[in-house]
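User: I have a model open and would like to go through it question by question. Please keep it casual, and spell out the cut-offs as the terms come up.

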Amino acid sequence: MKLEVFDPAMCCPTGVCGPSVDPELARVASAFFLLKGKGYSITRYNLGNEPQAFITNTKVNHLLNEKGPNVLPLVLLDGEVVRESSYPTNEELAQWFLIDAKELETKKSTNLLL
């Protein structure tokens, strides 16, 4: 099973940087990190850094030409578009990869100093 995410142009591969981090991007980055740790194939392409990937994938290229850049992020599962204009929820990821959604939740720090 292969998940490909075609992100809009972002400052870095995950978009999780800078003084004000988008919590949705942090959730997605964490879920993808955990899934990769379980051995699943997840590839992200950043429009700002990897435009060739958006050109060579015919489905992505077609949707971008048809609907414009607001169609991003695009999520493909085994080559089929499963999500447009938003990232998958943890529940969707769990369903696709046949795992418990709780495995994708970020654990809260127990350090009282934080």
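**The sheet and what packs on it**

User: How many bridges join S1 to S2?
Analyst: These two strands run parallel. Strands here are DSSP E runs of at least two residues, helices are H or I runs of at least four, and both are numbered from the N terminus. Two strands pair if DSSP finds at least two bridges between them. For S1 and S2, the bridge count is six.

User: Before we go on, what pLDDT do side-chain atom pairs need in order to count?
Analyst: Residues are numbered from 1 along each chain as its sequence is written, and side-chain values use heavy atoms, with hydrogens and water left out. This is a predicted model, where totals for chains, interfaces and linings use all residues, local features need pLDDT of at least 70, and side-chain atom pairs count only at pLDDT 80 or more.

User: Which residue in S2 is the bridge partner of Lys2?
Analyst: Lys2 has its partner in S2, the strand that runs parallel to S1. That bridge partner is Ser41.

User: And which residue in S3 stands opposite Phe6?
Analyst: S1 and S3 run antiparallel, joined by four bridges. Opposite Phe6 in S3 stands Leu74.

User: What is the order of the four strands, and which ones stand at the edges?
Analyst: The sheet is open, with mixed pairing, and the order is S2-S1-S3-S4. Each edge strand has a single partner, so one side of each lacks a neighbour in the sheet. Those edge strands are S2 (41-46) and S4 (80-84).

User: What does the twist average from one strand to the next?
Analyst: Angles run from 0 to 180 degrees between N-to-C directions, using axes that are lines fitted to C-alpha atoms (for helices, over the stretch in contact). From one strand to the next, the twist averages 20 degrees.

User: Which residue in S4 does Val75 stand opposite?
Analyst: S3 (residues 74-77) pairs with S4 in the antiparallel sense, over four bridges. Across from Val75 in S4 is Arg83.

User: What angle does the direction of H4 make with that of S1?
Analyst: Start with H3 (residues 58-67): it packs on the sheet, touching S1 (2-7), S3 and S4, where contact means heavy atoms within 4.5 Å, and its direction makes about 40 degrees with that of S4. H4 (residues 90-97) also packs on the sheet and touches S1, S3 and S4. With the direction of S1, that of H4 makes about 150 degrees.

**Cores and burial**

User: Which element gives the most to the largest nonpolar core?
Analyst: A nonpolar core is a set of buried Ala, Val, Leu, Ile, Met, Phe, Trp, Tyr and Cys residues joined through side-chain atoms within 4.5 Å. The largest one has 19 residues, with Leu3, Phe32, Leu35, Leu93 and Trp96 touching the most other members. S1, H1 (23-37), S3 and H4 each give two or more residues to this core. The biggest share, five residues, is from H1.

User: How many residues are in the other core?
Analyst: This other core lies apart from the largest one, and its members include Phe6, Val60, Leu72 and Leu74. Its residue count is eleven.

User: What arc do the buried residues of H3 cover around the axis?
Analyst: Buried means under 20% relative accessible area, exposed over 50% and partly exposed in between, with a 1.4 Å probe and protein chains only. In H3, the buried residues are Val60, Leu63 and Leu64. Taking the directions from the helix axis to the C-beta atoms, they sit on the same side of H3 because their arc is only 100 degrees.

User: Which residues are exposed on the other side of H3?
Analyst: The buried residues of H3 pack against S1, H2 (51-56), S3 and S4. On the other side, the exposed ones are Thr58 and Asn65.

User: Is Asp7 buried or exposed?
Analyst: Asp7 is found in S1, a strand with five of its six residues buried. Beyond its neighbours within four places in sequence, Asp7 contacts residues including Arg44, Phe54 and Tyr87. With 0% relative accessibility, Asp7 counts as buried.

User: What relative accessible area does Val81 have?
Analyst: Val81 is found in S4 and touches Lys59, Leu63, Leu74, Val75 and Leu76, leaving out residues up to four places away in sequence. Val81 counts as partly exposed because its relative accessible area is 32%.
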